[in-house]
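This report looks at the enclosed and open spaces of one structure and at the residues that line them. The sequence and the structure come first, and the description follows.

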Amino acid sequence: MSDASADFESLEKQAHAASLGMWVFVASEFLFFAGFFVLYAAYRVEHPRGFGVGVETNTLAYGTVNTAVLLVSSYTVALGVHALRNGRARAAAGLTALTVLFGGCFLAIKTAEYLHHFREGIFPGGAGDFFVQHPDPGTKIFYTLYFCMTGLHAIHVTVGMGILAWLAARVLRGSVTPYAPHPLALGAVYWHLVDLVWIFLWPLFYLVPGNVR
Amino acid sequence: MTTIDAGLVFPERTEHRATYLNAAHTVRSWALTTDHKRIGVMYLVSTTLALMLGGVFALVLRIEHLTPGPTIMDSYTYARMFTMHGVVMVWVFMIPSIPAAFGNFLLPIMLGAKDVAFPRLNLLSYYIYVVGAAWVLIALWMGGCDTGWTFYAPYSTQSPSAVVPTVFGIFILGWSTILTGLNFIVTTHTMRARGVTWMRMPLFVWAMYATSIIQVLATPVLALSLCIVGIDHWFDWGLFDPVRGGDPVLYQHLFWFYSHPAVYIMILPAMGVISEIVPTFSHKNPASYKAIVYSSIGIAFVGFGTWGHHMFVAGISLFDAAAFGVLSMLVAIFSAIKVFTWVLTMKRGSIVLKTPLVYFFAFLFLFVFGGMTGVAVATQSLDVHWHDTYFVVAHFHFVMVGGTLTAWLAALHYWFPKITGRMYSERWGLLGATIIFAGFFLTFFPQFLLGNAGMPRRYYDYDPRFQTLHVISTVGSWALGGGMAMTLTYLLVAVFAGERAPANPWGSRSYEWYVESPPPKENFASEPNFPLGPYDYDVPPEPLRV
């Protein structure tokens, strides 16, 4: 989005265009995830019991720690934008790099969690020993959706890390400056999008089993 | 400088003027250009090639239906060919045809801007389009896909044909659509020259804006549903498999949540083209500018609430079906507002009958015909009878081909002087428009009768009593194909040998005619200040005919 060029008469107008572009993109991304949320809602209505079993057998500790990691990472990137706006470029680059690090932590924990699922015999598509003990088709679809939605989210985390690492380097090199901080601010918007999606995934997959008994 | 309309000054064409076409001649200067006009031309060439490919499929399919039973191909080939006809026509030709080609070329000029808001992103959209189109061709080379362009689960997750590369290609094409829409929205908001307020934008820009909203909000849902089809086909995860708790009808909901708004991605730009052509050739301001603007926005929003009318027989409740039916009919009201506004615009106008206006007449007849049958199929009790028959095939071809393709041809002729700097032959133009209209009507009108008599769509074989109508339809397709081939030929000749075009051959007041034909690379030497609105034909009172 940062390629708005000399065609703009003022920096302010360029920042406005870039910001509008990013928000339109975020709207588009939300609709992309919305398809999965619709599937989740419809299937949960069809299989309340199977989904309840899924939530109860899911790895709550991993999911909760990851929620905390992501929330802290959103805080650090916001601090980074704030620092850049106040003229502290090195601090901004450092905080952005820290955010990338937290993103890496999230992915590491997520990988460990997937491996844990595989050891328990939970695979996407309803394959694995786990589903012999829990034969409700709703549980199969729950875990398939779980892998699809968290996997799609992990792809977004990876892309966001790439964007933020690139922006941190640009801040260090001086091509994103306190006088035109909007590229970093827009990178942060994308990162918050990633965070916000997870805030919905966390209750749907870990917290709310519903009335299954 | 010559004065074309009293009081309005348009630049005169001079020899050896610097234009966007002769600014540089290397392949690199085209391949890496960020000039919205060159990108528009590249889209125009690419989408035209896609139209030719899809058209050849259509002609071959029609030949297959000359006789009942096998004529020139087996049933599996037939199924793959009608699928690839749909895929190529919908995603590789029609969705980018007007927005990405004409929209790219005209939108910045119509706003008085030098370029779109994100020129490099614009070039990226084009290459994403090329990669997506290439994947569709790879799918074709791998034998094609036989599911129909709708990829209904569960068959699409099990079909032995090349489903995955096809949906992957469409997924990539979707990215191109989203980025183009994003670019246009931001451009319209931020790049308008002084004096070009929202209510002084050309109507084509409004149509592009409404289209872009749909592109940005509907395409990701299609991307997701096709992703799941691809995953289910590849890994067998069964998200739509009833045995594992899935629900195939949910796929239909997701698919049509995109694909019904997508028909407005196809028709709204066509309406925008018509809204430019009618005032120009009537030399009169639109009967109501605001009616056309608000009905475009209205269609864009109501379009998101109509998808269920594709699923009347898929087991949705009576109440849902009734709601979707009523919402669908709202679209007809908005469309009718446009149609009446166009017709009223012509009343007491100073009408000049040129090829683009002839295409408008064809559009008017075919779009109203197609639109009225759309109201008919949105009525649940009638749709149960017509569902999945040739009646529906004829209905959407009347709107998509009779509407969008006709408007695309109108746009091609109307802006041909602006894009190429040459005039096409009016005589050939009128002949081509007549043949195409006759060919179209002959091809698709019998399909209404076929469908009403019970001929199901997508069937390879048919009862011999249907043969007469099928033969008429096939003969009509030859006229349509011949007319298209003739049109593309004389336009191609005109690109190189046509008479030089003046800046404003039609005597229009719209902003794109203030720049020379073809426009210079920068569009405007400095930020333009348009003396009049795009349709102020009543000031001064008597525009001069050109």
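## The second largest cavity

In this predicted model, the second largest cavity holds about 60 Å³ of space. Its lining is made up of Tyr359(B), Ala362(B), Leu366(B), Val401(B), Leu405(B), Thr406(B), Ala433(B), Ile436(B), Phe437(B) and Phe440(B). By class, nine of the lining residues of this second largest cavity are nonpolar and one is polar, while none is charged.

Three helices of chain B, namely α11 (355-377), α13 (390-414) and α15 (426-452), each contribute at least two residues to the lining of the second largest cavity. Among the contributors, α15(B) has the largest share of this lining, with four residues.

## The largest cavity

Four cavities of 30 Å³ or more are found when the whole structure is searched, and the largest cavity contains about 80 Å³ of space. The residues that line the largest cavity are Tyr43(B), Trp91(B), Ile95(B), Pro96(B), Pro99(B), Ala100(B), Tyr129(B), Leu173(B), Ser176(B), Thr177(B), Thr180(B) and Gln215(B). Two elements of chain B, α3 (75-110) and α6 (163-190), are those that give two or more residues to this lining.

The largest share of the lining of the largest cavity comes from α3(B), which supplies five residues. In terms of residue class, the lining of the largest cavity consists of eight nonpolar and four polar residues, with no charged residue.

## The second largest pocket

Turning from cavities to pockets, the second largest pocket encloses about 940 Å³ of space. A total of 37 residues line the second largest pocket, and those closest to its centre are Phe25(A), Glu29(A), Val159(A), Tyr190(A) and Trp175(B), so that residues of both chain A and chain B are named there. The elements that give two or more residues to the lining of this pocket are likewise drawn from both chains: α1 (11-46), α6 (137-173) and α7 (182-207) of chain A, together with α4 (119-141), α6 and α7 (203-235) of chain B.

Of these elements, α6(A) gives the most to the lining of the second largest pocket, with 10 residues. The lining of the second largest pocket divides into 29 nonpolar, five polar and three charged residues.

## Charged residues in the linings

What is the number of charged residues in each lining? There are no charged residues in the lining of the largest cavity and none in that of the second largest cavity, whereas the lining of the second largest pocket includes three.

Key:
Residues numbered from 1 in each chain as written. Chains lettered and ligands numbered in written order. Predicted model: local features only at pLDDT ≥ 70, side-chain atom pairs only at ≥ 80, totals over all residues. Heavy atoms only, no water. 1 Å grid on protein atoms, 1.4 Å probe; cavity = no way out; pocket = protein on both sides within 12 Å on 5 of 7 lines; lining within 4 Å. Points joined across faces, edges and corners; volume = space filled by probe spheres on them. Nonpolar A, V, L, I, M, F, W, Y, C, P; charged D, E, K, R; others polar.
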